[in-house]
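Subject: Structure handover

Hello,

Please find the structure below, with notes on what turned up in it. The notes go from the chain as a whole to single side chains.

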Amino acid sequence: MSHSSAGLKGNRPCTEISAVITQGRDLKIAWITGSAAGAVLDLAKAAAGLFNARRKTSLLQEGGTLTAPGIPFIAVPTTAGSGSEASPNSVIINPEKKVKLSIRQKDFLARKVLLDPDLLKGLPFAVMCHSGMDAWVQAYESFISKNANWFSENFALKAIQLIVVTWCRR
């Protein structure tokens with residue numbers, strides 16, 4: 001089962017995760033692919049990770065630990081910035097409680113990530129700028145974090161350098 005952005009903006013509500021899981025169960029799917037920006041990857045990631053969960057509703061509302069592994073999640077990011085394809089976090093919205101949640105489960109990590117820079121070529125200039133700024137901010141946060149160390153600082157500085165050099169070439 002594949003889920004793409006098709007005009008979606010921003011973090012997705014937990015009701016959409018439940019809808020994807022229900023549709024996936026009806027179709028007897030074995031994996032979920034998310035192909036879009038970070039919010040849609042988070043939606044696909046959460047649906048795959050919670051696919052076999054008995055308490056998915058309470059996990060979406062309160063957090064907790066999964067009791068059963070989900071199904072594989074394949075990430076195909078179409079922007080460069082959120083890092084959703086590389087993290088075990090899924091940021092979603094609970095519209096009933098009017099809160100933004102970050103669910104963290106080790107089983108949410110993508111089994112496969114397909115990175116294709118050609119997918120960025122068709123992005124509108126504003127989206128490319130926002131994605132680049134998102135990547136820069138995350139690299140900067142990693143560099144100044146009180147938990148930073150020489151290893152993470154070097155990666156953060158290299159990321160900042162690559163982003164700035166790439167931007168200046170445009």
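Helices here are DSSP runs of H or I with at least four residues, and strands are runs of E with at least two, both numbered from the N terminus. On that basis the chain has 5 helices and 7 strands. Their order along the sequence is β-β-α-β-α-α-β-β-β-β-α-α. Please note that this is a predicted model.

Overall figures

The chain has 170 residues, and 35% of them are buried. Its accessible surface is about 10,200 Å², with carbon and sulfur atoms contributing 59% of that. Among contacts with a separation of 6 or more, 69% join residues 24 or more positions apart.

Helix α2

Helix α2 covers residues 38-49. What span should its 12 residues have at 1.5 Å a residue, and does the model agree or disagree? The expected span uses one less than the number of residues, so the figure is 16 Å, and the end C-alpha atoms are indeed 16 Å apart. As for cover, 12 of the 12 residues in α2 are buried. The buried residues include two with charged-type names in the list, D42 and K45, alongside others such as V40, L41 and L43.

Aromatic pairs

The model contains 3 aromatic pairs. In one of them, W136 and Y140, the ring centres are 5.3 Å apart and the planes meet at 5 degrees; stacked requires under 30 degrees, so this pair is stacked. Both residues belong to helix α4 (residues 125-144), where they are 4 residues apart, or about one helical turn. An α-helix has 3.6 residues a turn, so residues three or four places apart point the same way. W136 is partly exposed at 29% relative accessibility, and Y140 is also partly exposed, at 39%.

F151 and F155 make an edge-to-face pair, with 4.9 Å between centres and 75 degrees between planes. These two lie in helix α5 (residues 150-169), again 4 residues apart and about one turn of the helix. F155 has 55% relative accessibility; the cut-off for exposed is over 50%, so F155 counts as exposed. W150 joins F151 and F155 in one aromatic cluster.

Charge over a ring

One further item concerns R25, whose charged end sits over the ring of F51 at 5.4 Å from the ring centre.

Regards

Note on methods: Residues numbered from 1 in each chain as written. Predicted model: local features only at pLDDT ≥ 70, side-chain atom pairs only at ≥ 80, totals over all residues. Heavy atoms only, no water. Buried < 20%, exposed > 50% of the residue type's maximum accessible area, 1.4 Å probe, protein only. Contact = heavy atoms within 4.5 Å. Areas by Shrake-Rupley, 256 points an atom, 1.4 Å probe, with all protein chains shown as cover. Phe/Tyr/Trp six-rings, centres within 6.5 Å; stacked < 30°, edge-to-face > 60°. Lys NZ or Arg CZ within 6 Å of the ring centre and 35° of its normal.
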